[in-house]
Amino acid sequence: MHDLNTFGFDVKAKYFQELKSMDDIHKLIENPEFKQTHHLILSGGSNILFSSDFFDGFVVYPNLKGIETLEETDDTVKIRCYCGEIWKDFVDYTVSKNLYGLENLADIPGKVGAAPVQNIGAYGDEVKDTVYQVHTIDLATGKTKVFNNKECRFSYRNSIFKELISQRTTHALYMIFAVDFVLKKHSELKLDYGNIRNYLISNNITNPTLQDVASTVKAIRAEKLPEVGVVGSVGSFFQNAIVSMDKYLEIKALYPNVPSYPVDGRDAARHIPTSVKIPTGWLIDRAGWKGYRENHVGVWDKQALVLVHYGDGKPQEIQDLMKKIQDSVKAKFGIEIKPEVNIV
Ligand SMILES: Cc1cc2nc3c(=O)[nH]c(=O)nc-3n(C[C@H](O)[C@H](O)[C@H](O)COP(=O)(O)OP(=O)(O)OC[C@H]3O[C@@H](n4cnc5c(N)ncnc54)[C@H](O)[C@@H]3O)c2cc1C
């Protein structure tokens with residue numbers, strides 16, 4: 001699966017099955033090997049770290065294709081997209097149709113079926129704001145189930161699907177085979193996050209179009225993230241840290257320029273937020289890891305949140321580096337940072 005995980009590790013699986021149709025899915029569910037074996041759903045492999053170079057189980061590779069317009073009103077268009085479509089191509093398609101809602105999520109690697117799993121997000125937007133419903137099939141029973149937006153229990157880089165994968169409390173594992181999105185026909189651009197507005201101004205774009213925003217997001221991403229297929233990574237390896245206000249104030253006393261964003265919840269007595277998000281990339285950078293390299297792996301020199309594989313390495317090397325960074329951030333700031341990537 002070397003080309004099916006963006007870290008580019010040379011991993012093999014005991015069983016591997018591509019699914020191109022609902023028929024393929026039903027056949028798989030009847031397969032005795034599949035029934036008896038631990039399994040993993042693999043889409044674009046851009047958010048997966050294999051824990052060794054052999055996956056002793058069944059890899060299911062959903063690859064159903066298709067995009068359909070379901071409904072159109074004066075203001076919105078409802079579109080169904082099947083799981084095997086490439087996310088960034090789908091975003092380009094919606095932008096080319098002048099539909100608003102996904103432009104800040106341009107160029108995120110991976111496939112459409114995985115987008116709701118971690119509620120992908122970038123530049124102040126999350127996919128939860130456009131997902132209408134998610135079509136799934138329970139790989140244990142073959143029963144289909146539709147989750148509406150509320151039932152998906154979306155939160156920061158999380159959903160019911162990700163929770164069920166990490167808990168594995170039941171045999172049920174929902175495979176997402178299609179996602180319905182509601183997109184807007186009228187302008188509602190979000191320009192206030194990251195460098196979007198500055199980038200537009202520096203390129204003399206005063207009245208940006210939907211296409212301008214998508215192109216800007218792509219240009220900014222290309223400047224700071226490793227190119228998929230050239231340097232192995234999964235983008236942000238760690239989640240941003242959410243800390244209590246007291247912890248934040250403790251850090252701010254030592255580092256007055258610590259970047260921070262308030263998160264939900266307010267301390268009524270003190271008139272301040274109860275918790276604060278601190279970019280984990282900043283913590284890792286301050287702990288001295290940015291640009292660090294050890295044999296085949298390292299920390300990206302343009303964004304410390306990204307761990308990279310330069311080729312010919314083993315998954316264990318990334319895990320060792322992860323552990324060293326976690327220990328070092330804990331020792332310096334007293335904060336436990338958690339991986340965003342799915343380690344399987
Ligand atoms: C350079 C780079 C930049 C990135 N930037 C961002 C970013 O800005 N924002 C962001 O949110 N993410 C980002 N990512 C992470 C990644 O692209 C997303 O999480 C993406 O949605 C993963 O899609 P995938 O198809 O590769 O999923 P995979 O990595 O194959 O799978 C991810 C998880 O979803 C499960 N899964 C996959 N498909 C299905 C399905 N059909 N049904 C049920 N479960 C499924 C898998 O079992 C696994 O647990 C980045 C990654 C890279 C390499």
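The exercises below, each with a worked solution, concern a predicted model of a protein with a bound ligand.

**Exercise 1. The ligand shell**

Determine which residues come nearest to the ligand, how the shell divides by residue class, and which elements contribute to it.

Solution.
- Step 1. There are 33 residues around the ligand, and those that come nearest are Ile41, Ser43, Gly44, Ser46 and Gly121.
- Step 2. By class, the shell holds 17 nonpolar residues, 13 polar ones and three charged ones.
- Step 3. Next come the polar contacts. A polar backbone atom of isoleucine 41 is 2.6 Å from an oxygen atom of the ligand. For a polar backbone atom of glycine 44, the distance to a ligand oxygen is 2.7 Å. Glutamine 118 takes part through its side chain, with an N or O atom 3.0 Å from an oxygen atom of the ligand.
- Step 4. On its own the ligand has 980 Å² of accessible area, of which the protein covers 96%.
- Step 5. Two or more residues of the shell come from each of strand E2 (39-41), strand E7 (121-122) and strand E11 (174-184). The element that gives the most is E11, with three residues.

**Exercise 2. From the ligand to the loop between E10 and H4**

Glutamine 118 has a side-chain N or O atom 3.0 Å from a ligand oxygen. Find out how asparagine 158 and arginine 157 are placed relative to glutamine 118.

Solution.
- Step 1. Asparagine 158 sits in the loop between strand E10 (144-148) and helix H4 (160-167). Arginine 157 belongs to the loop between E10 and H4 as well.
- Step 2. Along the sequence, asparagine 158 and glutamine 118 are 40 residues apart, but their C-alpha atoms are 4.5 Å apart in space.
- Step 3. Beyond its neighbours within four places in sequence, asparagine 158 is in contact with Val117, Gln118, Asn119, Arg153 and Glu163.
- Step 4. Arginine 157 touches Gln118 too, and its other partners, leaving out residues up to four places away, are Asn119, Ile120, Gly121, Glu126, Lys162 and Glu340.
- Step 5. One of these partners, glycine 121, has its backbone oxygen 3.1 Å from a polar atom of the arginine 157 side chain. Glycine 121 is also among the residues that come nearest to the ligand.
- Step 6. Arginine 157 counts as buried because its relative accessibility is 14%, and the limit for buried is under 20%.

**Exercise 3. The nonpolar cores**

Describe the largest nonpolar core and say which element gives the largest share of it.

Solution.
- Step 1. The core has 40 residues; Phe237, Phe238, Ile278, Leu283, Ile284, Leu307 and Ile325 touch the most other members.
- Step 2. Elements that give two or more residues to this core include strand E4 (54-62), helix H7 (245-254), helix H8 (280-286) and helix H9 (315-333).
- Step 3. H9 supplies the largest share, six residues.
- Step 4. Take isoleucine 325 as a sample. Not counting residues up to four places away in sequence, isoleucine 325 touches Phe238, Ile284, Trp289, Val299, Leu307 and Ile337.
- Step 5. Another core lies apart from this one, with 39 residues, including Val95, Leu102, Val127 and Leu191.
- Step 6. As background, nonpolar side chains in soluble globular proteins tend to be buried together.

**Exercise 4. Buried, partly exposed or exposed?**

Classify phenylalanine 9, lysine 302, asparagine 98 and asparagine 204 by relative accessibility, and place each along the chain.

Solution.
- Step 1. Phenylalanine 9 lies in the segment before strand E1 (12-19). At 1% relative accessible area, phenylalanine 9 is buried. Its C-alpha is 7.6 Å from that of aspartate 312, although 303 residues separate the two along the chain. Among its contacts beyond four places in sequence are Met1, Leu49, His309, Pro315 and Ile318.
- Step 2. Lysine 302 is in the loop between E18 and strand E19 (307-309). Its relative accessibility is 46%, so lysine 302 is partly exposed. Lysine 302 touches Glu223, Lys224 and Lys290, leaving out residues up to four places away.
- Step 3. Asparagine 98, in the loop between helix H3 (87-96) and E7, is partly exposed at 40%. Its phi is positive, near 65°.
- Step 4. Asparagine 204, in the loop between helix H5 (196-202) and helix H6 (210-224), is exposed at 68%. Asparagine 204 also has a positive phi, near 55°.

Technical notes: Residues are numbered from 1 along each chain as its sequence is written. This is a predicted model: local features need pLDDT of at least 70, side-chain atom pairs count only at pLDDT 80 or more; totals for chains, interfaces and linings use all residues. Side-chain values use heavy atoms; hydrogens and water are left out. A residue is near a molecule or strand if one of its heavy atoms lies within 4 Å of it. A polar contact is a pair of N or O atoms within 3.5 Å; within protein, one must be able to donate a hydrogen and the other to accept it, and residues adjacent in sequence count only if both atoms are side-chain atoms. Accessible areas come from the Shrake-Rupley method with a 1.4 Å probe; for residues, only the protein chains shown count as cover. Helices (H or I, at least four residues) and strands (E, at least two) are DSSP runs, numbered from the N terminus. Ala, Val, Leu, Ile, Met, Phe, Trp, Tyr, Cys and Pro count as nonpolar, Asp, Glu, Lys and Arg as charged, and the others, Gly among them, as polar. A nonpolar core is a set of buried Ala, Val, Leu, Ile, Met, Phe, Trp, Tyr and Cys residues joined through side-chain atoms within 4.5 Å. Buried means under 20% relative accessible area, exposed over 50%, partly exposed in between (1.4 Å probe, protein chains only). Contact means heavy atoms within 4.5 Å.
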